[in-house]
Amino acid sequence: MRETPRPQGTAGDAGPELPQRRPGRAFAHTTGASGSGTPHRSDGRSPQTPRGVRQTGPTGRPGTTPPVPGRPALFLFPALLALFALTTWQVAADGPLRALDERTGRAVVGDGPARPAEFLADLGNMQIALPVLGCAIVLAMVRGARRAPLYAALAMGAVPALVVPLKAWIARPGPLTDATGYFPSGHAATAAVAYGAAALLVAPYLRRPWSWMMPVAAVLLTTATGIGLVLRGYHWPLDVLGSWFLCGMLLLPLGLSCRSRRRSSSRTPRCRTGPS
């Protein structure tokens with residue numbers, strides 16, 4: 001099929017003459033180096049940017065602004081820090097939130113079946129949570145990850161290093177005892193870091209829908225542990241919330257590491273076999 005020839009002029013052209021150089025103006029195109037007449041950009045760049053090379057803008061459309069990794073974390077970390085500081089201040093200073101927290105805790109203690117609530121509370125025991133995290137660390141190391149398992153181990157090691165001094169400093173009594181040392185909850189922190197880190201480590205190596213179901217399962221297990229701790233009277237609700245805010249900050253470096261690894265693996269070209 002022959003191409004329909006395009007007209008070389010526009011409605012305002014007086015004739016087919018070649019464009020003349022105007023004083024003070026530069027041509028946008030010059031001839032190629034070989035003198036073949038092929039138009040080139042005056043700055044030596046290619047006339048078009050390949051579509052696959054263009055960076056996406058903030059809205060996901062092609063643009064020129066390169067993506068900034070970890071931008072949500074710049075806002076998430078201060079938010080978690082502010083929430084943890086507010087919770088700690090209210091508990092330590094016997095503020096209005098502590099009074100509301102204790103009324104709520106007394107109202108729900110003993111509610112629900114005792115055995116299921118006890119089972120949920122036991123999910124925060126180190127004998128249950130640490131083996132789950134250990135298996136995830138081994139799997140990630142076998143698959144070639146090095147930085148993410150280290151972040152997970154450091155986050156887990158930071159739990160007692162931070163929780164134990166805070167318990168001694170706040171010295172909050174428990175719901176059913178006068179003994180102190182209940183804020184923040186060590187069981188809630190153990191569950192949050194162990195199950196959250198395990199999900200972040202394993203999810204990049206799973207296919208959908210399992211890749212996004214792992215973080216959902218971690219959130220459900222962490223939430224269930226906190227509910228069991230409150231229903232059984234082992235902790236006040238703010239004890240659990242304070243641990244969640246603290247552990248969210250501990251898991252941020254691991255989340256960023258796993259996110260960058262997932263992006264790099266998705267950009268790696270895969271060989272296609274068979275007929276296309």
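Guide: A salt bridge here is a side-chain nitrogen of Lys or Arg within 4 Å of a carboxyl oxygen of Asp or Glu. Keep in mind that this is a predicted model.

Visitor: Thanks! How many salt bridges does the count come to by this rule?

Guide: Side chains of opposite charge can pair when their charged atoms come close. One such pair is Asp94 with Arg98, whose N to O distance is 3.8 Å. By the rule above, the count of salt bridges comes to 7.

Visitor: In that Asp94 and Arg98 pair, is Arg98 buried or exposed?

Guide: Let's take the partners one at a time. Asp94 has a relative accessible area of 53%, so Asp94 is exposed. Buried means under 20% relative accessible area. Arg98 has 15% relative accessibility, and therefore Arg98 counts as buried.

Visitor: Which element holds Asp101, the residue that pairs with Arg172?

Guide: Happy to trace that one. Arg172 forms a salt bridge with Asp101, with the closest N and O atoms 2.7 Å apart. The two residues are 71 residues apart and link distant parts of the chain: Arg172 is in the loop between helix H5 (147–170) and H6, while Asp101 is in helix H2 (residues 96–108).

Visitor: And is Asp101 buried or exposed?

Guide: Its partner Arg172 has 0% relative accessibility, so Arg172 counts as buried. For Asp101 the relative accessibility is 5%, and the cut-off for buried is under 20%. Asp101 therefore counts as buried.

Visitor: Why does the salt bridge between Arg172 and Asp239 tie together separate parts of the sequence?

Guide: The side chains of Arg172 and Asp239 meet at 2.9 Å, N to O. Arg172 lies in the loop between H5 and H6 and Asp239 in helix H8, so the parts this pair ties together are 67 residues apart in sequence.

Visitor: Which residues do salt bridges with shared partners join into one network?

Guide: Arg172 is one place to start, since this residue bridges to Asp101 and also to Asp239. Following shared partners in this way, the network consists of Asp94, Arg98, Asp101, Glu102, Arg106, Arg172 and Asp239.

Visitor: Let's move to the pockets. Which element gives the most to the lining of the largest pocket?

Guide: The largest pocket has a volume of about 570 Å³. Of its 22 lining residues, the closest to the centre are Gly196, Leu200, Val219, Gly248 and Leu251. Two or more lining residues come from each of H1, H6, H7 and helix H8 (237–267). The element that gives the most, with 9 residues, is H8.

Visitor: What separation do the C-alpha atoms of Leu80 and Trp244 have?

Guide: Leu80 lies in helix H1 (residues 71–92), and at 14% relative accessibility it counts as buried. Leaving out residues up to four places away in sequence, Leu80 touches Phe245, Gly248 and Met249. Leu80 and Trp244 are 164 residues apart along the chain, yet their C-alpha atoms are separated by 9.0 Å.

Visitor: One last stop, the surface. How much accessible area does the nonpolar patch with Leu206 have together?

Guide: Leu206 is found in the loop between helix H6 (186–202) and helix H7 (210–231). With 33% relative accessibility, Leu206 counts as partly exposed. Its companions in the nonpolar surface patch are Trp210, Trp212, Met213, Val216 and Leu220, and together these residues have an accessible area of about 610 Å².

Methods: Residues numbered from 1 in each chain as written. Predicted model: local features only at pLDDT ≥ 70, side-chain atom pairs only at ≥ 80, totals over all residues. Heavy atoms only, no water. Patch = residues over 30% accessible without salt bridge, like charges linked within 9 Å, V, L, I, M, F, W, Y side chains within 5 Å. Areas by Shrake-Rupley, 256 points an atom, 1.4 Å probe, with all protein chains shown as cover. Helix = DSSP H or I, 4+ residues; strand = E, 2+ residues; numbered from the N terminus. Buried < 20%, exposed > 50% of the residue type's maximum accessible area, 1.4 Å probe, protein only. Contact = heavy atoms within 4.5 Å. 1 Å grid on protein atoms, 1.4 Å probe; cavity = no way out; pocket = protein on both sides within 12 Å on 5 of 7 lines; lining within 4 Å. Points joined across faces, edges and corners; volume = space filled by probe spheres on them.
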